[in-house]
There are 2 protein chains.
Amino acid sequence: MKKEIGIGLAGFGTVGSGVYKNLVRNGALIEERAGVCFRVRRIAVKDLAEPRAVEAPEELFVTRPDELIEDPGIQIVIELMGGIDFPLAFIRRAIQAGKSVITANKALLAEHGREIFELAKEKKVAVFFEAAVAGGIPIIKAVRESFVGNHIECIHGIFNGTSNYILTRMTDAGLDFSPALEEAQKLGYAEADPALDVNGWDAAHKAIILASLAYGFWVDPAKVHVEGIENVTASDIRFADELGYRIKLIATIKADDEGKIEVRVAPTLIPKSHVLASVNGVFNAVAVRGDVVGETLFYGRGAGQDPTSSAVLCDLVEAGIALSSPKESHGFAAHDLYGDCKPVADSVSKFYLRLGVEDRPGVLAQIAGALGAADIGILSVIQPESHTGEFISLVLILHDAPYGKMLTATKTLAALPCVKSEPLLLHMETFL
Amino acid sequence: MKKEIGIGLAGFGTVGSGVYKNLVRNGALIEERAGVCFRVRRIAVKDLAEPRAVEAPEELFVTRPDELIEDPGIQIVIELMGGIDFPLAFIRRAIQAGKSVITANKALLAEHGREIFELAKEKKVAVFFEAAVAGGIPIIKAVRESFVGNHIECIHGIFNGTSNYILTRMTDAGLDFSPALEEAQKLGYAEADPALDVNGWDAAHKAIILASLAYGFWVDPAKVHVEGIENVTASDIRFADELGYRIKLIATIKADDEGKIEVRVAPTLIPKSHVLASVNGVFNAVAVRGDVVGETLFYGRGAGQDPTSSAVLCDLVEAGIALSSPKESHGFAAHDLYGDCKPVADSVSKFYLRLGVEDRPGVLAQIAGALGAADIGILSVIQPESHTGEFISLVLILHDAPYGKMLTATKTLAALPCVKSEPLLLHMETFL
């Protein structure tokens, strides 16, 4: 006779109903593998009358989420409600009540992870969050368990399918940002309000969680450099292509020699030969380099009902096994290492700089002079054939320099009379 | 005060000395994360006088491996000796003595896994084997834990770096098999006796372990179809290229609608657009499709001292955590599902067939006629320009057909007077 574990499901939207559907469909297999029996006892929704995409017995539904916490037969609460303040308060109460918690809420963990895991440690309950980063890609488990013997040297991730779809279409079809975004919206790959996806913050939440896990301290979101893809044009992608690069929205997580951590999400030039450059459409991927394992890469769907459900089911089985054979929980707080973030201004890389300049002799000399005065070296220059208008795009690839210094130099350039449009400055990753 | 766990290391070759080196180097981090303290108490080697690539205190070394088993201070035995009969007997005795066992021995597990895991279940000890498949790629953990909520639909793996290096060089530099193999040997990517690597059996051992794990029953090596890359020529790679394919040594693991499992290792044509086609050089990769998670891919180094050590260290921490907070061990036997392999002859796919034929009119008609009589459809034909000699290569892409039927038809073709050389028949995977 297998032990029965009671589940409370908070939220029955895309992911919540997906978890229920797949738990029912693959229930026999999951119980066989887990050695315990899972039973959904209550499902909390906002409105009982709202139509549901997946069928479930009517008597399971409640509108007051705390009924899940109050039910002594529920040992595991799965939070899939969305938002921040309400689920935070709910998860706090669930932990206080001694329930194991599973969540896919990346914004919540990125902003309140420290508090949640400290409370969980105090109350000796486990909090699981595989689904919060990169959906179906098991990257939390890989970084925490598989690479436990490694110092993580760096992580480069494509964590936002919407942005990656848009950049892929800009690359393959030569579209500009706006039509590519419209196409993504038509196909259901982008929300009506695409802000969080294209402004880099969705990817940044995931990067914060992963960096925190890899380096053992909670990364402060205020110390993370976040840029979206809104200012990338089809011609930037063409220029990058000529130079042997693709532009991707890359989350970069890196430890420097003194152990200072850099977390950055920005449209970034990466060499076409790197595997990340071939990750197209709505797919996500994460490249992890460890000091023992070397280069690795994980690829899959980062969002969507089913891939995210798969990650929640993994957490569910782990929570169930832990409950059926009690052991010291090893949630996030298990490795209380301490670290600090590197100031954004100190982050060193090569850069791509596009300037709209007057099309007349002497302009390049003036710009090269200003960069030289700022002690920034030029690796290469693309000065396209003269256009009919009075502007041309001048593209420069610049030597390794701290971001702060580059920003100052870019402002100096922007103030030159020969520079006619807002400069675009992009990071480059050469993976050396 | 952390609990101390005693380790016995059997074997101090490439992997054994790597595990020791990395455990010393990253020891503080590993103990912090694991919450237990690891101490290597004994290292078994064949010959105390043999020079060692990694330094370790002389007093740790013993020549009788059973000293590891007899030491009551050793709770975990790491078997990295190589061979089959001797380590099998050693692991049996270690399990009998109640030691947790870690091994990277793929041939041993592929041939004797059932026995080892049944004994481990009986004795309630855990056996770990992440390092046995694909080195640093954490594919065992992904299939067993991350995808626990999935029926695995199929797995396609590049599991042998030597073969992949050779095929990559044949593709990129147009080399034939023998010079590419020589190059791999010079670079240390292939052994002096490369048989196991290039004949497909190294990859087959890994496929057998992974298939057994994914489907919950031990796959009988006799039911696995194994072919090496020795008969692939530079012109096959060129023909495949013209048709939009790459030739890779692919391990294919698939469940059909009735749950029958097919395990096959063979040089296989895969579309250039598939991510596996971009896995080059000595790298390994595994694509896993689950019914919930969809398509995923894992990429990294499949062999070598450090990547393999990384996997052993992951197992070590897991074994240590399990020992420090006893719970029901969930080794392989945890999911006692039952299944069966599909007969090799029933395996259906498209095929690539190269025939050396006489260069005269009517030959194609004769061959097409024979295939038609065998009820095998032709998808496309490449008949290269006439050569000066009396042979030409005729390449046919054939419709989905069972392998058994294809083999019979190929034999019929080989017996035709117009067919002048041994036909080459390769599987194709279209991932549909």
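Which residue stands opposite Ile76(B) in E4(B)? The legend to the first view has the reply, and everything shown here comes from a predicted model.

**View 1. Strands E1 and E4 side by side in chain B.** It's Ile7(B) that faces Ile76(B) of E4(B). Strand E1 (residues 3-10) and strand E4 (residues 76-79) of chain B run parallel, and four bridges hold the pairing. Zoom out a little and you get an open sheet of six strands in chain B, paired in parallel, with the order E3-E2-E1-E4-E5-E6. At the edges sit strand E3 (61-62) and strand E6 (127-128) of chain B; each has a single partner strand, so one side of each has no neighbour in the sheet.

**View 2. Helix H14 of chain B and what packs over it.** This helix takes in residues 403-414, so 12 residues in all; at 1.5 Å a residue it should span 16 Å, and the end C-alpha atoms are indeed 16 Å apart. Buried positions in H14(B) are Tyr403(B), Met406(B), Ala409(B), Thr410(B) and Leu413(B). Look down the axis and these buried residues fall within an arc of 125°, so they line one face of the helix. Their cover includes strand E13 (348-358), helix H13 (363-373), strand E15 (391-402) and strand E16 (424-428) of chain B.

**View 3. Where domain 2 meets domain 3 in chain A.** The domain assignment splits chain A into domain 1 (3-135 + 305-334), domain 2 (151-301) and domain 3 (344-428). For domains 2 and 3 of chain A, the C-alpha centres lie 23 Å apart. Contacts link 15 residues of domain 2 with 13 residues of domain 3 in this chain, A. On the domain 2 side, helix H11 (234-242) and strand E10 (261-271) of chain A each chip in at least two residues. E10(A) gives the largest share, six residues. By class, that side of domain 2 of chain A has seven nonpolar, four polar and four charged residues.

**View 4. Chain B against chain A.** Here 48 residues of chain B touch 48 residues of chain A. Elements of chain B that each bring at least two residues to this side include helix H2 (27-34), helix H6 (139-146), strand E12 (294-301) and helix H12 (305-324). The chain B side comes out as 21 nonpolar, 18 polar and nine charged residues.

**View 5. Strand E12 pairs across the two chains.** Strand E12 (residues 294-301) of chain A and E12(B) run antiparallel, joined by five bridges. Within this pairing, Gly300(B) in E12(B) has Thr296(A) standing opposite.

Definitions and conventions
Residues numbered from 1 in each chain as written. Chains lettered and ligands numbered in written order. Predicted model: local features only at pLDDT ≥ 70, side-chain atom pairs only at ≥ 80, totals over all residues. Expected span 1.5 Å × (residues − 1). Buried ≥ 20, exposed ≤ 12 C-beta atoms within 10 Å, placed from the backbone. Arc of directions from axis to C-beta. Contact = placed C-beta atoms within 7 Å. Domains from an automatic or database assignment. Nonpolar A, V, L, I, M, F, W, Y, C, P; charged D, E, K, R; others polar. Pairing = 2+ DSSP bridges.
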